[in-house]
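User: Please take a close look at the aromatic side chains in this structure, and explain how the rings are placed relative to one another and to the parts of the chain around them.

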Amino acid sequence: MHTETATVFAKNIDKNNGDLYKKITWKLIPFLCFCYLAAYLDRINVGFAKLQMLEDLQFSETVYGLGAGLFFVGYILFEVPSNLALEKVGARVWIARIMISWGILSGLTMLVSTPAQFYTIRFLLGAAEAGFLPGVLYYLTTWFPTYRRGKIIALFMIGLPLSSVIGGPISGWIMHHFDGLYDFRGWQWLFMIEAVPSVLLGILTFWALPNHYDKAKWLTAEEKELLRKDLENDDKEGKGVKTSFKDGFFNVKIWMLGAIDFSILLGAYAIGFWMPTFIRNTGVVDTFHIGLLSAIPSIAGVIGMLAIGASSDRHRERRWHLCIPLLVGAVALATSTFVSDNLVLTVLMFTIASGVLLGAVPVFFSVPATFLKGTAAATGFALACSLANIAGLVSNSLIGVATDLTGTSHAALWFFSVCLVGSGLLALAFPAKVVNR
């Protein structure tokens, strides 16, 4: 009898917990997802602008690749300081600051006319956006226990592929229909129009995000207490969890994670920044059609994120959920170089690569908080992102240089594939008992 009562009691707790996390998810994740969508759209819309911008401004592929990549120099330099500032001043104020500043700078990109101006605005845009992604990821660790984070991070990060699903057709439409209006080219309208959502969402952040669950007016006192106990129990389960800045910065596991995400982003940024060019190289010339086709790999990215993130949580397994997608992505990117003149096969290979590589991202970002918390977690998330986003500079610069020197991006894509294989194997080096929880 006592056993039956205990079982019923446990089921009631699970149901209460489930209802609580559904409530938190609906209150936070859709808004944060839209913010990330706006952020990533402002980051990669230069890939569509390129279709007109290079000819108008007489920029080479190398100039474009370096400019697109310099975003990540500013991003990397300010990533850790930005995340530490978020921990001190609170998510609401700091995320609002990030979004408003990057929206303004993205809009100002419409005024560039020289390589130096292009380089400068891209660097400043990266510095402005620095801290958003690791800041949100750290923020989510204060609301969700470890075993729920794979799915939650996936739900938040679908803003990344959705930015291309939605932004691709919209970007193509803007450039096609606004070109020449009031003597501005389509690429100039693109930067101006797509900057507006970031600024508006930044302003809304002041009302939409509580700094801590204790400050959430939409949670009852009982729900806050239930959440506090859940998070405390999760902390107890993580034996040897580190908490200081030193533990987050000088941590071999974080540097290993940075290397893994570096490889993931080499492929992801190749698709995000260059997919319009890859499609045009198969013979498609209409910008609206290019936008529609560019959305296909991103749809696969949405599916991959949700499916792989949920599977990783369900099995409480992280290592193989990183390794296998990276190996499949390597094969897809390498194969794309053999079919680059075929539209259907090109889109197919990049669709497979996008699905598995983006699918691995939420799994990756659920790992740092399995062995770090507090300041160490804030530092670790930011450092891993900083190391990984060197890929933005490397990916764009290598493809640009390779294209100018050889006429194709094949050499760069092969290099990315080799990096993915190495990182897939590196994922297996993590102790299963540490990260699989």
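Analyst: What follows is a reading of the aromatic rings and their surroundings.

The model is a predicted one, and its protein chain contains 19 helices and zero strands. Of the 437 residues in the chain, 58% are buried, and among the contacts with a separation of 6 or more, 85% are between residues 24 or more positions apart.

A pair of aromatic rings is described by the distance of the centres and the angle of the planes. In the model the count of aromatic pairs comes to 19. One of them joins Phe-59 and Phe-118, whose rings are 5.7 Å apart centre to centre with 35 degrees between the planes, a tilted arrangement. Phe-59 belongs to the loop between helix H2 (46-57) and helix H3 (61-89), whereas Phe-118 belongs to helix H5 (residues 115-129), so this pair ties together parts that are 59 residues apart in sequence. Phe-59 and Phe-118 are both buried.

A second pair is made by Phe-178 and Trp-189, with ring centres 5.5 Å apart and planes at 50 degrees; because planes from 30 to 60 degrees apart count as tilted, this pair is tilted as well. Here Phe-178 sits in the loop between helix H8 (159-177) and helix H9 (186-208), and Trp-189 sits in helix H9, so the parts tied together are eleven residues apart in sequence. Trp-189 has a relative accessible area of 11%, and since buried means under 20%, Trp-189 is therefore buried. Phe-178 and Trp-189 also belong to a cluster linked by ring pairs, together with Trp-173, Tyr-182 and Phe-184.

Some rings have a charged side chain as a neighbour. The charged end of Lys-50 is placed over the ring of Tyr-64, at 5.5 Å from its centre, and Arg-97 lies over the face of Trp-94, 4.4 Å from the ring centre.

Aromatic residues also take part in a nonpolar patch on the surface, where Phe-206 and Trp-207 are joined by Val-89, Val-93, Val-196, Leu-200, Ile-203 and Leu-204, with about 770 Å² of accessible area together. Helix H9 gives the most to this patch, with six residues. Leu-204 is located in helix H9, and its relative accessible area of 46% makes it partly exposed, because that term covers values between 20% and 50%. Helix H9 thus holds both the buried Trp-189 and the partly exposed Leu-204. For the chain as a whole, the accessible surface comes to about 17,300 Å², and 68% of that surface belongs to carbon and sulfur atoms.

Notes
Residues numbered from 1 in each chain as written. Predicted model: local features only at pLDDT ≥ 70, side-chain atom pairs only at ≥ 80, totals over all residues. Heavy atoms only, no water. Helix = DSSP H or I, 4+ residues; strand = E, 2+ residues; numbered from the N terminus. Buried < 20%, exposed > 50% of the residue type's maximum accessible area, 1.4 Å probe, protein only. Contact = heavy atoms within 4.5 Å. Areas by Shrake-Rupley, 256 points an atom, 1.4 Å probe, with all protein chains shown as cover. Phe/Tyr/Trp six-rings, centres within 6.5 Å; stacked < 30°, edge-to-face > 60°. Lys NZ or Arg CZ within 6 Å of the ring centre and 35° of its normal. Patch = residues over 30% accessible without salt bridge, like charges linked within 9 Å, V, L, I, M, F, W, Y side chains within 5 Å. Salt bridge = Lys/Arg side-chain N within 4 Å of Asp/Glu carboxyl O.
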